[in-house]
Amino acid sequence: MGGSWSGRAHLVGDGPLLVALDIDGTLVTYDEAMSDAVRHAVAGVRAGGEHVVLATGRSLHATLPVAQHLGIDEGWLVTSNGSVTTRLDPDAPGGYQITERITFDPGPALRLMHAELPDALFAVEDVGVGFRMNGLFPDGELSGRQAVVDLEDLWSDHVTRLVVRSPGHTSEQFHELVHRMGLSDVTYAIGWTAWMDIAPHGVTKASALEKVRQLLGVEPSRTVAIGDGSNDVEMIDWAARGVAMGHAPQHVREVADEVTGTIEDDGAVEVLLSLMD
């Protein structure tokens, strides 16, 4: 982990910043609460001319209300851990345009996982709509329209994301299982509980953010990222100023240039305010 930071001084070069922000555990508590301090800090950074990009494991339909709550109606969203990139545009139908949707065949991974975890819940994302799943997930874990279908229907088409949920297992057991299975043709991120997001090979928040950075013409040395989860590791490492939340697991904090406060301390606010110095 790097040393202390003092706002813009360590972000060399000229021009606006690209500030990539995770949502859950970074801007929003695990009880779905966002403080006024977070909203005001994000608004202040945007008012200073910086590009604020929400970069999240959430689906697009679950991210749009957060953007609206933050007053963001123009710019970019990176959702589904990088599989879906969207440009917000008030003049577009629905206020947005999906600019990239990266998909993969979930069949091989799904069949392997189901053989190992026959009682697990599986869901695939219908972008902008909701999920198809083989059984209902615990209340509140998935949003949008939820359709329970036969397992075979889940691999009937290419998808942006496959979610695996096995409440009877720990995240450590998930890691051991993935290592044993050798899932090398997909990208996966394991959450705090026995929850796994499986994405197309090589797709992460960082890979999508790099494309957005190039589209915006932002210098690599003018990038900031704040996150707290395993799916934020690549993003934090990608940024010139990569920040881990104080409650993040050790392996996430180790790749960061700095560690801020926890979500309970509104740790993201401290970083955002430093960008306005």
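Colleague: How far apart are the closest N and O atoms of Asp89 and Arg87 in their salt bridge?

Modeller: This is a predicted model, and the distance is computed from its atoms. Asp89 and Arg87 form a salt bridge. The cut-off for such a contact is 4 Å, and the closest N and O atoms of Asp89 and Arg87 are 3.4 Å apart.

Colleague: Does Asp89 count as buried or exposed?

Modeller: A residue counts as buried under 20% relative accessible area. Asp89 has 18% relative accessibility, so Asp89 counts as buried. Arg87, at 28%, counts as partly exposed. The word for Asp89 is therefore buried.

Colleague: Which residue meets Glu141 in a salt bridge, and where does that residue lie?

Modeller: Glu141 lies in the loop between strand S7 (130-133) and strand S8 (145-148). Its side chain meets a partner 24 residues apart from it in the chain, with an N to O distance of 2.7 Å. Glu141 counts as partly exposed at 28% relative accessibility, whereas the partner counts as buried at 9%. That partner, in strand S9 (residues 162-165), is Arg165.

Colleague: Which strands are linked by the salt bridge of Arg241 and Glu258?

Modeller: The side chains of Arg241 and Glu258 meet at 2.6 Å, N to O. Arg241 counts as buried at 2% relative accessibility, and Glu258 counts as buried at 13%. The two residues are 17 apart and link distant parts of the chain, namely strand S13 (residues 241-244) and strand S14.

Colleague: Which residue is linked with Asp22 and Asp232 in a network of salt bridges?

Modeller: The structure holds 13 salt bridges. In one network, Asp22 and Asp232 are linked with a lysine. That residue is Lys205.

Colleague: Which strands stand at the edges of the open sheet of eight strands?

Modeller: The order of the sheet is S5-S4-S3-S2-S1-S12-S13-S14, and its pairing is mixed. A strand at an edge has a single partner strand, so one of its sides is left without a neighbour in the sheet. The edge strands are S5 (96-101) and S14 (258-259).

Colleague: In S3, which residue is the bridge partner of Leu54?

Modeller: Strand S2 (residues 51-55) pairs with strand S3 (residues 75-79) in the parallel sense, over two bridges. The bridge partner of Leu54 in S3 is Leu77.

Colleague: What angle does the direction of helix H2 make with that of S3?

Modeller: Helix H2 (residues 60-69) packs on the sheet. The strands touched by H2 are S2, S3, S4 (84-88) and S5. With the direction of S3, that of H2 makes an angle of about 140 degrees.

How values were computed. Residues numbered from 1 in each chain as written. Predicted model: local features only at pLDDT ≥ 70, side-chain atom pairs only at ≥ 80, totals over all residues. Heavy atoms only, no water. Pairing = 2+ DSSP bridges. Helix = DSSP H or I, 4+ residues; strand = E, 2+ residues; numbered from the N terminus. Contact = heavy atoms within 4.5 Å. Axes fitted to C-alpha atoms, helices over the stretch in contact; angles between N-to-C directions. Buried < 20%, exposed > 50% of the residue type's maximum accessible area, 1.4 Å probe, protein only.
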